[in-house]
Amino acid sequence: MAGKKKSSRRVRPGAQGARGSRRKAPRGAVEVGIQAWVDDPSSPWGLMERPVPVLDAAPFAFSITGVAIPVGRYEPGTADFRHWNAADALRRTADLWAPLLARHEVKRWQPGATLPVSLDAGSELNASYDRTQLAFFHAGRGKTAIFTGESPDIVCHETGHACLDALRPDLWDAPFIETAAFHESFGDVTALLAALGLPQVREKVLGMLVANKPSPLSRIAEQLGAAVRQTHPQAVESDCLRNAANRWKYVAPESLPASAPAKELSAEPHAFSRVFTGAFHELLSRMLQETFASPSADDLATVAADAARLLIDAVASAPVQPDFFAQVGTRMIDADGATFAGRYGGVIRAVLVGRRILTAAAPGDRPATPAGKRAASLRMAAVATGGEQQTLEIDAAPYGLSSAGILVDVPRSVAVTAVPTGKRTLSVADSTAALERSADRFIGVLFENQRIELPARVRVRGIAATARGAGRRATHALSRTDGHLRLSRLRFDGAS
Ligand SMILES: [Zn+2]
């Protein structure tokens with residue numbers, strides 16, 4: 001295997017350990033550093049020299065499992081290279097979000113102060129965050145093996161899941177397509193922003209980004225995309241896993257098929273995430289165009305930092321409900337008013353209306369009543385629980401589970417938001433029906449994509465029977481509780 005320790009050749013040895021590495025090297029001494037991919041092993045941007053990342057720095061420390069690897073510049077394709085390459089991407093991602101999360105009093109991972117990372121958790125063409133660790137995998141053998149942890153795009157995406165989970169743990173079990181898709185989009189947006197934190201990327205991408213054109217920046221996970229295409233040519237885009245420079249426009253995801261070739265939009269969360277990611281990429285482009293007469297790479301640094309701040313401030317307060325994209329979008333406009341005196345508000349609104357995430361007149365009215373044809377067959381029960389949550393029981397019979405209904409927790413009511421502020425609330429009955437339709441479709445999409453793990457000895461037929469083969473593909477599980485089945489999330493992953 002390419003990752004054997006003895007095959008690693010240290011190009012230029014450095015000091016053991018990373019703690020003191022931020023000190024300036026003495027005069028005449030070789031500056032200690034590492035080398036890493038700029039954004040992906042298959043990106044034309046290639047390798048870069050980097051200072052030694054301090055993996056265990058607080059807040060948001062990491063610990064890569066396995067033996068310690070001495071600091072050094074290693075050859076790509078070796079396990080030692082992958083260690084420091086991943087360490088660089090992990091640290092850059094945490095350092096990107098940490099100061100913005102701190103403004104919302106968030107200073108640790110959901111699992112604790114240190115997030116474990118496994119760089120080779122087995123044979124699989126994927127990567128995941130499961131609230132115990134970030135896990136990366138390998139596929140293939142020998143020289144053709146790929147390791148998902150070798151792609152900074154993928155490492156940043158998964159770390160993005162963990163950062164968002166630290167800020168909004170309530171998104172974890174939210175039973176809506178848009179909340180799941182937003183989590184995926186946040187991962188890809190994290191990859192974009194982490195790359196834009198590198199001065200050489202800002203220089204190289206400026207022209208393409210101003211024009212909102214595809215670029216190595218917008219192409220997320222080129223190498224993994226190519227690997228997936230070998231067996232599933234239509235499953236991912238032709239030049240990468242997902243491209244942020246896209247033209248996707250919002251439609252209520254409940255109305256979309258559970259899966260589709262990458263050239264169409266579907267309700268599968270990674271596929272649907274492209275709507276928000278595309279809007280964010282376009283937003284960066286138009287913030288540059290419309291704020292600066294002749295945008296420079298330094299202006300791009302400003303815009304990326306401002307957009308990151310607006311996104312975090314919006315996400316921090318957006319209510320968990322079916323139209324989560326619109327909820328985040330309207331709050332980005334609010335946050336801009338509060339933070340930048342409305343400098344970007346017009347651009348944000350124009351982009352989000354152009355993408356149909358918001359409607360010009362009354363944006364909240366559309367997604368508050370998502371499409372759903374099976375409402376009449378749904379039964380609603382157990383409207384209990386305190387606080388802002390209620391538990392819905394979704395009829396599981398249409399999925400082939402006749403023994404019990406599926407319990408999901410949803411908010412008690414749906415906020416309808418108008419641009420730029422001004423909020424009203426639907427009646428409890430209307431909003432409960434909307435929440436129920438959306439949760440029901442989310443469960444349907446999970447079943448159709450074989451993403452649900454079933455408890456042992458449950459009688460199934462129909463679509464639920466196919467869930468028996470979900471295995472590691474499962475992002476959710478149904479577990480028995482008081483004669484019902486409760487839906488809960490197992491992990492977020494990175495592929496489609
Ligand atoms: Zn993901």
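This is a short conversation about burial and helix geometry in a predicted model.

Tutor: Residues are numbered from 1 along each chain as its sequence is written. The model is predicted, so local features need pLDDT of at least 70, side-chain atom pairs count only at pLDDT 80 or more, and totals for chains, interfaces and linings use all residues.

Student: Why is Phe60 called buried?

Tutor: A residue is buried if 20 or more other C-beta atoms, placed from the backbone, lie within 10 Å of its own, exposed if 12 or fewer, and partly exposed in between. Phe60 has 25 C-beta neighbours inside 10 Å, so Phe60 counts as buried.

Student: And what makes Asp482 exposed?

Tutor: Asp482 has 8 other C-beta atoms within 10 Å, so Asp482 is exposed. Ala341, with 9 other C-beta atoms within 10 Å, is exposed too.

Student: How do you know that the span of helix 4 agrees with what is expected?

Tutor: Helices are DSSP runs of H or I, at least four residues, and strands are runs of E, at least two, numbered from the N terminus. The expected span is 1.5 Å times one less than the number of residues. The twelve residues of helix 4 (residues 199-210) should therefore span 16 Å, and the end C-alpha atoms are 16 Å apart, which agrees.

Student: Which residues of helix 4 are buried, and what makes them line one face?

Tutor: Val201, Arg202, Val205 and Leu209 are buried. Seen down the axis, the buried residues of helix 4 fall within an arc of 100 degrees (taken from the directions from the axis to the C-beta atoms), so they line one face. On the other side of helix 4, Gln200, Glu203 and Gly207 are exposed.
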